[in-house]
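I opened this entry to keep track of what I looked up, going from single residues to one helix and then to the whole chain.

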Amino acid sequence: MRFRHRVAAGLATLALPLSGLVALASPAQAATTATATYAKTQDWGSGFEGKWTVKNTGTTTINSWTVEWDFPSGTKVTSAWDATVTNSGDHWTAKNLGWNGTLAPGASVTFGFNGSGSGSPTGCKLNGGSCDGGPEVPGDAAPSAPGTPTASNITDTSVKLSWSAATDDKGVKNYDVLRDGAKVATVTSTSYTDTGLTKGTDYSYTVQARDTADQTGPASGAVKVRTTGTPDEPPPTGDQVKLGYFTNWGVYGRNYHVKNLVTSGSAAKITHINYAFGNVQGGKCTIGDAYADYDKAYTADQSVDGVADTWDQPLRGNFNQLRKLKAKYPHIKVLWSFGGWTWSGGFPDAVKNPAAFAKSCHDLVEDPRWADVFDGIDLDWEYPNACGLSCDTTSAKNAFSSMMKAMRAEFGSNALVTAATTADATDGGKIDAADYGPAAQYIDWYNVMTYDFFGAWAKNGPTAPHSPLTSYAGIPQQGFNSAEAIAKFKAKGVPAKKLLLGIGFYGRGWTGVTQSAPGGTATGPATGTYEAGIEDYKVLKNSCPATGTIAGTAYAHCGSNWWSYDTPATVKSKMAWSKTQGLGGAFFWEFSGDTANGELVSAIDSGLK
């Protein structure tokens, strides 16, 4: 979640790219307070992909972590993500980045790497102590792999899975069931019936055992299942845009891949995908993550069409998977989005020569290796003539419209040219800072980021919904709501059909809150899986169910935590409102925050019909 959009002034930054600052290691912690476990997640013969999971098993917060291990001669790390990895000979050290060093009790974090050689890590240490469960480390061993599941009772929408038990020196507690590599259930028995599937669709299932110390062992073998029935034809989309952001970094810790759009049923219910993000550097559009974009190899069970990548094929990674997705769902259009919260700092230099910038973007998007994948470009500048992660103090007032005019001229009339925009409708705010009205003639639509209005960057509150549809009594800042943002764009001459309403597939929350209704005080951000103060809908719907609604958005008070987020019900109400406004549709950030069966995507789809 390094690049989440931001709207309001004075917001906290997101995690930095992999080149960001690294927190200093804290003193060694006792081995009983944390574990580090290793798994080889892929092996393509000439190399492999490894993943470490660090978990805080104690009762106090860990502020930083350092994992050390030894590889046998000839095995080494060639690239890494979500940690800074260094070595001295065959001794390897991984340290947290600035954004993922803090682990609350029970929280965990993963980092991964690509390697060469065939060896496995030994001598694991975590913050100077034993990893207590890492491979070949004295202590509590992880469970064995369960037996390969068998499938029975296969229907259009369900399958029953059964497997033989795993073994463990201290006892198996339960099993994680993984569908296409993503966990869908945790059960105590050795069988599970998976429901809510799509008919005529391929799935792959594995199982992992979890011991009494909450360590997971290796995954079982995979069983492939095809549900019965014939896949439904995509419903008519009409003229309503239903667009979702797909993040290239989601293939790492989030383990979210293009195939998940198929298995969740979402691919049949959307019209467009924004692939996020490409970078803006040196006045040009550039690649964001080459490995994830076009190099990562997919196995048959991970691939959209069930065909494995080969080492010598010209295009792999997300781009190739998107190509396969479009073959399966020809109605989907894909745009390559550039910028975002973290990478918007390059726009002020780029727009000094809009024509050259546009040509660089066109040359990259239309590169012959992947030209058929993309149907256009999305520019996500946060924010022209205003401040986001950095401040734009040099661009001319008409810089934004000049950029969009150059993009339209370069891409032509048949390609899609869009932009993500602020939703700050305050007087003299970010909408007023740029010439969005004149620029509208060159674009197909604006993605108005009607979320992140309020959050725990204001650590003491007041608690408020981060995506209010309308104003309400006690709202912390007038002009920070969807209705006022849309009204201001219309007043500037932007046609309603060129405005999409934004939905966040996540919540924002505080801790230290005693008041259930909005407006309470807090002591700081609530704990989140990837970042403090933020959590996916798929987690919150179970961990902190909604207790009320305010301004068209749900909120929840559980224990000392207070969260706001959209539910299927509030999404449908927002879609109904957008239709009364004559808007062009809706978009959302981003796919991996939804449930495994695509609840929020389904709500957008049904709400816009």
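**Backbone entries**

I began with asparagine 153, which counts as exposed because its relative accessibility is 56%, above the 50% that marks an exposed residue. The model is a predicted one, and I read its backbone angles with that in mind. Asparagine 153 has a phi near 50°, a positive value in a residue other than glycine, and I found it in the loop between strand E10 (150–152) and strand E11 (159–162).

I then turned to alanine 551, whose phi is also positive, about 55°, although it is not a glycine. Alanine 551 sits in the loop between strand E28 (548–550) and strand E29 (553–558), but here the relative accessible area is 14%, so I noted the residue as buried. I logged both angles because most residues other than glycine have a negative phi, and I looked at the peptide bonds for a like reason, since most are trans.

Where did I find cis peptide bonds? One runs from alanine 276 to phenylalanine 277, with omega near -5°, and phenylalanine 277 belongs to strand E18 (residues 272–281). Another joins glutamate 382 and tyrosine 383, with omega about 10°; tyrosine 383 is placed in the loop between strand E21 (376–380) and helix H6 (399–411).

**Helix H5**

Next I checked the length of helix H5 (residues 354–365): its twelve residues, at 1.5 Å a residue, should span 16 Å, and the end C-alpha atoms are 16 Å apart, which agrees. I listed its buried residues as Pro354, Phe357, Ala358, Ser360, Cys361, Leu364 and Val365. Seen down the axis of H5, these fall within an arc of 160°, so they line one face of the helix. An α-helix has 3.6 residues a turn, so residues three or four places apart point the same way.

What do the buried residues of H5 pack against? I recorded E18, strand E19 (284–286), strand E20 (333–339), helix H4 (347–350), E21 and H6. E18 is the strand that holds phenylalanine 277, while E21 and H6 flank the loop of tyrosine 383.

**Whole chain**

For the chain I counted twelve helices and 31 strands. Its radius of gyration is 24 Å, close to the 25 Å that the globule rule gives for 609 residues, so I entered the chain as being as compact as a globular protein of that length. The C-alpha trace spans about 70 × 50 × 50 Å along its principal axes, and buried residues make up 56% of the chain. Among contacts with a separation of 6 or more, 73% come from residues 24 or more positions apart.

Terms used. Residues are numbered from 1 along each chain as its sequence is written. This is a predicted model: local features need pLDDT of at least 70, side-chain atom pairs count only at pLDDT 80 or more; totals for chains, interfaces and linings use all residues. Side-chain values use heavy atoms; hydrogens and water are left out. Helices (H or I, at least four residues) and strands (E, at least two) are DSSP runs, numbered from the N terminus. Buried means under 20% relative accessible area, exposed over 50%, partly exposed in between (1.4 Å probe, protein chains only). The expected span of a helix is 1.5 Å times one less than its number of residues. The arc is that of the directions from the helix axis to the C-beta atoms. Contact means heavy atoms within 4.5 Å. The radius of gyration is taken over C-alpha atoms; the globule rule is 2.2 Å times the number of residues to the power 0.38.
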